[in-house]
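The exercises below are meant to be worked with the sequence and the coordinates side by side. Each one sets a task and then solves it step by step.

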Amino acid sequence: MTAIKNSDKLFAVLIDPEKISLKNVSGFMDKVNRSIATHIFVGGSTVDENQTDIIIKEIKKATSLPVVLFPGDITQISNKADALLFLSLISGRNAEYLISKHVKAVAKLRNTNLEVIPTGYILIENGKQTSVERVTETKPLSRSNLNQIIDTARAGELLGMKLIYLEAGSGALEPITPEIISAVKKEINIPLIVGGGIRSINQLEKAYISGADLVVIGTAFEEDDSFFDQLKN
Ligand code: 1GP
């Protein structure tokens, strides 16, 4: 933990607007504020229209941490947030999630002041089907094909993306392995986000030591928010 606190590693708590009730936001945010969290990510695979707006308003009342949209769909773009991960699912071959939704998003973005961050989003298999896989109808990259993973990350950087996000999937059985994280980190010159299936301090530290610049955790807090007690600032 000291290693994390004394470094410039970033930590995002992911809030899925479908999985938190409005009345619980302020209590949840109290715990977030007392933790090592540096960012709040907001997003989910299926969220009712306007629900994102409503939840972010409540989050903003309770924290000064930056709120970053991590949207499953363009309906989740909200001008109440500070920034948007403009995700292109470069592990998949579904044009909808590579470019099509982005074109549709532009009209919405014109009316916002969001900082838009082009992000190469890479889904890696974790032992079970994830909602990203189901919703986007794409196949994740095999965890054993390291060359394909690093080439995909590098291609994302060469295309001009500003971040690479290695995703095992929400609630993944196994997080992204240290081997994959360090191999990708060596290959790219842009910041690396890692998320999916991280449930312990040990896994979190391993991700940082292997080269993750920002780690995202959502499910572990949904299942048991006493996990925040181990992440106190
Ligand atoms: C999911 O990477 C995020 O898109 C976080 O995953 O919910 O498993 O922590 P978890």
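A residue is called buried when its relative accessible area is under 20%, exposed when that area is over 50%, and partly exposed in between. The model used here is a predicted one.

**Exercise 1. Classify both partners of the salt bridge between Asp213 and Lys185, and state which parts of the chain the pair ties together.**

Solution. Begin with the contact itself: the closest N and O atoms of Asp213 and Lys185 are 2.8 Å apart, which is within the 4 Å that a salt bridge requires. Next, place the two residues: Asp213 lies in the loop between H8 and strand S8 (214-217), whereas Lys185 belongs to helix H7 (residues 178-187), so the bridge ties together parts that are 28 residues apart in sequence. Then apply the cut-offs: Asp213, at 22% relative accessibility, counts as partly exposed, and Lys185, at 27%, also counts as partly exposed.

**Exercise 2. Repeat the classification for the pair Lys139 and Glu133, and then for Lys60 and Asp82.**

Solution. In the salt bridge of Lys139 with Glu133 the closest N and O atoms are 3.8 Å apart. Lys139 has a relative accessible area of 62% and is therefore exposed, while Glu133, at 12%, counts as buried. For the second pair, the side chains of Lys60 and Asp82 meet with an N to O distance of 2.6 Å. This pair links distant parts of the chain, since Lys60 sits in helix H3 and Asp82 in the loop between S3 and strand S4 (83-89), 22 residues apart. Lys60 is partly exposed because its relative accessibility is 31%, and Asp82 is partly exposed because its value is 34%. For the wider count, the structure holds 11 salt bridges.

**Exercise 3. Test whether the length of helix H3 agrees with its number of residues, and determine how its buried residues are arranged around the axis.**

Solution. First take the length: at 1.5 Å a residue, the 12 residues of H3 (residues 51-62) should span 16 Å, and the end C-alpha atoms are 17 Å apart, which agrees. Second, list the buried positions of H3, which are Thr52, Ile55, Ile56 and Ile59. These residues cover an arc of only 100 degrees around the axis, and so they fall on the same side of H3. The general reason is that an α-helix has 3.6 residues a turn, so residues three or four places apart point the same way. Third, turn to the other side of H3, where Lys57 and Lys61 are exposed. Finally, identify the packing partners: the buried residues of H3 pack against strand S1 (10-15), helix H2 (25-33), strand S2 (39-42) and strand S3 (67-69).

**Exercise 4. Trace the order of the strands in the barrel, and describe how helices H4 and H7 lie across them.**

Solution. Eight strands close into a barrel in the order S1-S2-S3-S4-S5-S6-S7-S8, with parallel pairing, and the twist averages 30 degrees from one strand to the next. As one step around this barrel, strand S7 (residues 192-195) and S8 pair in the parallel sense over three bridges, and Gly195 has Val216 in S8 as its bridge partner. Helix H4 (residues 95-109) lies across S4 and strand S5 (115-123), running at about 155 degrees to S4. H7 lies across strand S6 (163-167) and S7, and runs at about 165 degrees to S7.

Terms used:
Residues numbered from 1 in each chain as written. Predicted model: local features only at pLDDT ≥ 70, side-chain atom pairs only at ≥ 80, totals over all residues. Heavy atoms only, no water. Helix = DSSP H or I, 4+ residues; strand = E, 2+ residues; numbered from the N terminus. Expected span 1.5 Å × (residues − 1). Buried < 20%, exposed > 50% of the residue type's maximum accessible area, 1.4 Å probe, protein only. Arc of directions from axis to C-beta. Contact = heavy atoms within 4.5 Å. Pairing = 2+ DSSP bridges. Axes fitted to C-alpha atoms, helices over the stretch in contact; angles between N-to-C directions.
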